[in-house]
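Student: I have a model open and would like to work through it, from the overall layout to single residues. Where should we start?

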Amino acid sequence: MTDPLANLEIDVCSFDIPRLVTVYPDRAGLRWWTKAWFNNKEEGEASVEINRQTAVGFIRDEIAKDAMLEKYYPKQMEACRHAIEQTREQLMKQLNIT
């Protein structure tokens, strides 16, 4: 199936949901955590403990932001994908594309 939006000049980034993820150690540097924020919410999600190797991989850009979010915040990422798909469907309806 061909994507009906492929030839349109639409700024898809404007339909994206902002996502931020960070990693940080405890004061002793023994335990590592990740924390995420979705849709520019101030409070963010609960922190999740991760291993040091994962934290270092993320810091070195060996692990992508969305890969971290998928692994540690899967429900929130599913909600993001669903919201983006709904936006896409609404856009297609507005353009009378079926």
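Tutor: Helices (H or I, at least four residues) and strands (E, at least two) are DSSP runs, numbered from the N terminus. The model is predicted, so local features need pLDDT of at least 70 and side-chain atom pairs pLDDT 80 or more, while totals for chains, interfaces and linings use all residues. Residues are numbered from 1 along each chain as its sequence is written, and side-chain values use heavy atoms, without hydrogens or water.

Student: What pattern does the protein chain follow along the sequence?

Tutor: The protein chain holds 3 helices and 3 strands. Read in sequence order, the pattern is β-β-β-α-α-α.

Student: In what order do the strands of the open sheet lie?

Tutor: Two strands count as paired if DSSP finds at least two bridges between them. β1 and β2 are joined by 7 bridges, and β2 and β3 by 3 bridges. The pairing is antiparallel, and the order in this open sheet is β1-β2-β3.

Student: Why is one side of β1 and of β3 left without a neighbour in the sheet?

Tutor: Both strands stand at the edges of the sheet. One side of each is free because β1 and β3 each have a single partner strand.

Student: What is the average twist from one strand to the next?

Tutor: Axes are lines fitted to C-alpha atoms (for helices over the stretch in contact), with angles from 0 to 180 degrees between N-to-C directions. From strand to strand, the twist averages 30°.

Student: Which residue in the turn of the β1-β2 hairpin has a positive phi?

Tutor: The hairpin has 6 residues between β1 and β2. Across the paired strands, R19 stands opposite F38 of β2. In the turn, the residue with a positive phi, about 75°, is G29.

Student: Which residue of β3 is the bridge partner of W33?

Tutor: β2 and β3 run antiparallel to each other. The partner of W33 in β3 is E49.

Student: How many of the 7 residues of β2 are buried?

Tutor: Buried means under 20% relative accessible area, exposed over 50%, and partly exposed in between (1.4 Å probe, protein chains only). Over the 98 residues of the protein chain, 26% are buried. β2 is mostly covered, and its buried residues number 6.

Student: K35 is buried; how far away is the nearest side chain of opposite charge?

Tutor: K35 lies in β2, residues 32-38. Lys and Arg count as positive, Asp and Glu as negative, with His and the chain ends not counted; a salt bridge is a side-chain nitrogen of Lys or Arg within 4 Å of a carboxyl oxygen of Asp or Glu. K35 has no salt bridge, and the nearest opposite charge, on the side chain of E43, is at 6.6 Å.

Student: Which backbone atom does the side chain of K35 reach at 3.4 Å?

Tutor: A polar contact is a pair of N or O atoms within 3.5 Å; within protein, one must be able to donate a hydrogen and the other to accept it, and residues adjacent in sequence count only if both atoms are side-chain atoms. A contact in general is heavy atoms within 4.5 Å, and not counting residues up to four places away in sequence, those touching K35 include L20, Y24, E43 and Y73. The atom reached at 3.4 Å is the backbone oxygen of E43.

Student: At what angle does α1 run to β1?

Tutor: α1 spans residues 52-59, and among its buried residues are V56 and F58. Their cover includes β1, β2, β3 and α2. α1 lies across the three strands β1, β2 and β3, and its angle to β1 is about 130°.

Student: Which residue reaches the backbone nitrogen of Q53 at the start of α1?

Tutor: The contact is made by a side-chain oxygen, to within 3.2 Å. That oxygen belongs to N51.

Student: Is D61, just after α1, buried or exposed?

Tutor: D61 is in the loop between α1 and α2, and its phi is near 65°, a positive value in a residue other than glycine. Most residues other than glycine have a negative phi. With a relative accessibility of 68%, D61 counts as exposed.

Student: What is the relative accessibility of N39?

Tutor: N39 also has a positive phi, near 55°, and its place is the loop between β2 and β3. N39 counts as partly exposed because its relative accessibility is 48%.
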